[in-house]
Each structure stands twice: as C-alpha cells, then as structure tokens.
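Here are a few exercises to work through with the structure on screen. Try each task yourself before you read its solution.

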Amino acid sequence: MKANADEAPLLSEAHAAFVQRRTSMNVAGRDAEKRPALARGLGIRVAPDRRTLTVYLSTTHSARLLQCLRDNGAIAVAVTRPTTHETLQFKGRVREILPLSDADIEAMAAYRDSFAAELEPLGYRRDFVRQLLAGSEHGVAVVFEPTAMFDQTPGPKAGEKLGEKP
Amino acid sequence: MSITLESIRRCFEGALPAQIATCAPDGTPNVAYLSQVHYVDSEHVALSFQFFSKTRENVLVNPYAQAQVMEPVTGLQYQLALQYLRTETEGPLFEYMKARLAGVASQTGMSKVFRLRGSDVYRVLDIHCTEPQAPQDKLMPENRMPALRACAQQLAKCTDLASLLDELLAGLARHFGIEHAMVLMLDAASRRLYTVASLGYAESGVGSEVTLGEGVIGVAAEQRTPIRIAYLTGDYAYSRALRESLGEDGEKEIPFPGLAKPHSQLAMPIVAGGHLLGVLYVESEQKLRFTYEDEDALMALAGQIGFAMQAFEQNGDAVDEQPSALAPAKSSGAEVAVKIYPADNSVFVNGEYLIKGVAGAILWKLLSDHAQGRSEFSNRELRLEPSLHLPEISDNLEARLILLQRRLTERCTFLRIEKTGRGRFRLAVERPVRLDRFL
C-alpha cells in the first residue's frame, strides 16, 4: 500500500463530496460461480486521504452480498444522484468488514437525511426513504479500496473510465 | 409463499430506476442503472438495451444477472435472479418497449439520450424481497375481474356492431372509470385505421385516420401488441404529431379527436381469427392512470369484441324478409351539391369535406340509386356491388356503414341512414340533391 502513497488518489475532492451526500447507491459482488449479488448501500464515507471508501450494508437485507464480499472481496459500487442522474461507479477490493463505529452511525444518519431531502422534491415522503434504507440498525461497514472509477451518467459517454490504479 | 412476477408488476412502471449487477469473466462485478424493466410473462422480463455497456458485454459471456426493483408506493425492494436469453431488435416486444421508453425518457428529461437498440430478454430464476418480514398480501394489485365481467356480460347481449361499440364505450366509462376512448377499424387496402366510435371528446372524430405503424395506435395495430405508456411523451411518433402525420391531404382530413397531451395511453389491437380488425384505445390526462391490470382486462375485452365483430360480419348477409314500412322522406328546400372525386372516393357536400374511401363510395351509390327513385337497401346488395371494390374477406361493411351514418349525423342532417331491420336500411334525403362526379 505504501507504494501508492505518492500517487494522487482516484477520487478528487469533488468526487468525494458528490458520493457522500444526496445520492442513491448500489453495491455488487459475486459468488464463486461468478453469479452476481446486489444490494442497496445505506451510506458511504470517503476516508480523509480519499484512498479508501466505506460503504454501509445491512446484514439482514444484504446477507448474500456480504457473504460474497467476505469470500472474494470483489466489489462494485454505483452512486447516482436522483435529480441529475449524475453517476459514478467504483470497482475495487474489500479490505475489511467492520462493526459500525459511532462515527459510522453519524455518517449514516447524515447521509439518510440528505437522501430524504434529495427525494422530497420528487414526491417521495420520508417513510418511503426509511423503507428504502431499511435494515440500517443491523449495519456493517465495508471498507474497500477503489481500483477504477467510471463515469456512468446515462448517455453515450456512460462507461468512460475516469481513472485506474494498477 | 413465493413471490410471483405478476404480484410485483407495479415495480416495472418505470417510476423508479432499477439496478442490475453482472459479472465479467475475470470475476469483476458491475452494477448499472436500468431505465426499463419490462414484464414479458410470468417467467420473463426484458431490459432495455440503449447503449453498448459493461452489463451487455458481461451477460453475453456470463448470462447470470441480479436486478433490483423498487415498489413505488411502499419502497420495498425486490431482487430478481436473472439469466440472459436473447436480444430482440424488432417485433411486438421491441415496439412496445420502444414506445414505453419514450414515455419514461420524457418523464425523466432523457428524451435525447434514450434510444432503444434492443430488448434483452431474461428468464427470471428467483424473486426475493429484501425485507424479510414484509407482508406480501399488501401488494395484491387492484382486481379488474368484476369490471371485466360486467362489461363482458353487456357485450354478450349485443346483436350488431353499432350496439357493440356503444356498449363497449359505456362499459369502459362505467366499470373502468375511463373518460377518453376510441375504437378504430382497419382499412387494409389503405393501411390505415379509421375511427368508428369515441368517448369523451368535444368532437367525436369519427372518420379520422391513423396510419398503420404510426404512433401508439398505429404501432399497436401493426405489431398486434398492446402498448401502455404511463407518462406524457414528447416523442414525435407517439403523441399529438399523430394528427399531422396524414398532412398532405389537409382538407380531406377529419381531425383526430385524441387529447393534445395524454399523460397515459393504452392501445389494444383487436384481433380475431388471426386477422387484425382494429384498435381499442384509451387515454387520460393523468399519469400512471392505466395499470398492468387494466391492460390485462382491456386485452380480454378486445378479444371478445374481435370475435363479436367477426361473427356479425359473417352473419352480415342475413336480412329480415320485410323491411319495416316507413314513409319515404320528402325532399324540400335549397338544392345541395354533392361532389365525388373518384380517385379516393372523397365526397364533398356544398364544398365541405364529408367522407372518403369505401364509405364515400357507398354514399355515392346510395345517392345515385336514390336519384333513380330507390331508398331501401340491404347490406347484402352493397357487399355484392362491384363499384365499391370491397375486399373479399374482412370487408368491414357494417363498420363503414356506421362510420357513414355517424358522419352524416354530425355533418349533414338532411341525409340520414336509418336501420329498417336486420341487414336493411334506408336512405332519407330531405333536400334536393345534385350529383357531380369529378374525373
């Protein structure tokens, strides 16, 4: 890991600000047979050095995905902003899966409020958002290192690679 | 109880984006957003293919995928384990998805970006609700069976096409709460559909035409698939531009009666014995007005009216022996000039366009015979009349007579077609008529 320390992180400060608030996020993994698993993320936190991201998942609502992530570490996370359709996707490796810290719980709550505020003008009430993010009381923190980042905003440029690490 | 695809169809209305996860051969997962998950049948869904994407690249090699959809009311999320089967780039499924995509795209401000390249068909291997305790019975869709039954019962009493059309529209209003509807019949020779009955418009639009393959109605007819759009679409091909689509013959055009800005549209092909007969179309100013259940029920009704139309047509030559006695109408007042242009049999009355095509030719024949002193006619003699050039099968004679009768009622009250018995009618002419034929 030290070898990468001098290189700029994949995410710019703007990317980091974008992903952490008002976004909808979905996390994918896959099992040994390469069958994919998918679940909604319950919040995301970018480390201060922007070299790792922590995405929150529910153990009750995303059991199969968590099993895949534990087994092989391959992860993809798409983050989109509902009102603008601006979307980023990260590919990476899971470093560790941890119980929630107080800081994680705070980050999840702040994210939830921002997501509800984002969806409100689209006509979705808070209880709808609460259901979307259900299972957060049984959350875990999945820490991963992004190795590639893609622009996935709908349109002909979707899929364009914005950066990659060896 | 396992969850059926039918019970979660509300998740496929396009109100909320769905997601899909796939896996590359090297084991790298991918997650992407979907603009449309389309219910095909109880075991299959189709996903819209708009761009060449990682998702597509992956499933062509490793066909397994996981999709996630949201229930738009409760926010419950469902995960569908999928297996990619094939891509369709034409035909009913493709055309249906293309039309729906136009609606979803315009709802989300994405009209310029969304173009359907293909419909990717997947087998649904498993459905799972992420909320382990969620009561699934709350999801039971609205039951349209009682409304369907009530309509079907009324339709079964009809003895002719005119009453069938009237009962159908009345039933849609009464039992389905539908405010705007129309029935169009196919004119196979011109590849057009003409409106024969409508509900809920300032002008009935009877006689207005839609070209096969154009707009929601034309595509539903050509592809013989229902098309249901839940949002207002700005897409030229699917909305108000319909009325401009027949542009060149401006003065011979009866304005299409449809809503200027329908937020919900549903078109059902009327098919019987493998033949396309017409289209039943309903629309609303409200978005998401028609559900999958409406589509199911109205498709069943379209099937019933199709067979009824076919039966009436096959019995069309049956006639009552004696027409009911009616005193011939007296002609008085100013003379009326009726002109026909044989190129398309368009008929103008005192310079105003009335009707064209087979209905125009019928009116001309009736008026010519009337000038010779006849006023009683039978459907059978019209069917055998060579000057009308009726197709041998599926001539829709009764529909054309209804069209003519309704146009006369709306535009020229001094000419009337009055039914005098089964398979018989008379022409009432209340003003002197001068006939001019333009070559």
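**Exercise 1. Work out the strand order of the open four-stranded sheet in chain B, and find its edges.**

Solution. Keep in mind that you're looking at a predicted model.
- Step 1: Trace the sheet across, and you get the order β16-β15-β14-β20 in chain B, with mixed pairing.
- Step 2: Look for strands that pair on one side only; in chain B these are β16 (352–355) and β20 (433–437), the edge strands.
- Step 3: Check the twist. Neighbouring strands in this sheet are turned by 30° against each other on average, if you ignore direction.
- Step 4: Zoom in on one pair. In chain B, β15 (residues 346–349) runs antiparallel to β16(B), with three bridges between them. Here B:V349 sits opposite B:E352 of β16(B).

**Exercise 2. Follow β6(B) and say how many bridges join it to β5 and to β7 of chain B.**

Solution.
- Step 1: Start with β5 (residues 64–70) and β6 (residues 77–88) of chain B: they're antiparallel and share seven bridges. One spot to check is B:A67, whose bridge partner in β6(B) is B:L80.
- Step 2: Look at the turn. Six residues lie between the two strands of this hairpin, and B:G75 takes a positive phi near 80°.
- Step 3: Move on to β7 (residues 118–129) of chain B, which is antiparallel to β6(B) and joined to it by 10 bridges. Across this pairing, B:R86 faces B:V121 in β7(B).

**Exercise 3. Where does the largest nonpolar core lie, given the domains of chain B?**

Solution.
- Step 1: Lay out the domains. The assignment for chain B lists domain 1 (6–139), domain 2 (145–314) and domain 3 (336–437).
- Step 2: Find the core. The largest one has 70 residues, and B:L172, B:V183, B:L298 and B:M309 have the most contacts inside it.
- Step 3: Put the two together. Domain 2 (145–314) and domain 3 (336–437) of chain B both contribute residues, so the core lies between them.
- Step 4: Pick one member and see what surrounds it. Leaving out residues up to four places away in sequence, B:V183 touches several others, including B:L165, B:Y194, B:I270 and B:M309.
- Step 5: Don't mix this core up with another one apart from it, which has 44 residues, among them A:A37, A:V55, A:V79 and A:A141.

**Exercise 4. What share of chain B is buried?**

Solution.
- Step 1: Count a residue as buried if its relative accessible area is under 20%.
- Step 2: By that cut-off, 56% of the 439 residues in chain B are buried.
- Step 3: Now the outside: chain B exposes about 18900 Å², and carbon and sulfur atoms supply 51% of that.

Definitions and conventions: Residues are numbered from 1 along each chain as its sequence is written. Chains are lettered from A and ligands numbered from 1 in the order in which they are written. This is a predicted model: local features need pLDDT of at least 70, side-chain atom pairs count only at pLDDT 80 or more; totals for chains, interfaces and linings use all residues. Side-chain values use heavy atoms; hydrogens and water are left out. A nonpolar core is a set of buried Ala, Val, Leu, Ile, Met, Phe, Trp, Tyr and Cys residues joined through side-chain atoms within 4.5 Å. Buried means under 20% relative accessible area, exposed over 50%, partly exposed in between (1.4 Å probe, protein chains only). Domain bounds come from an automatic or database domain assignment. Contact means heavy atoms within 4.5 Å. Accessible areas come from the Shrake-Rupley method with a 1.4 Å probe; for residues, only the protein chains shown count as cover. Two strands pair if DSSP finds at least two bridges between them. Axes are lines fitted to C-alpha atoms, for helices over the stretch in contact, and angles run from 0 to 180 degrees between N-to-C directions.
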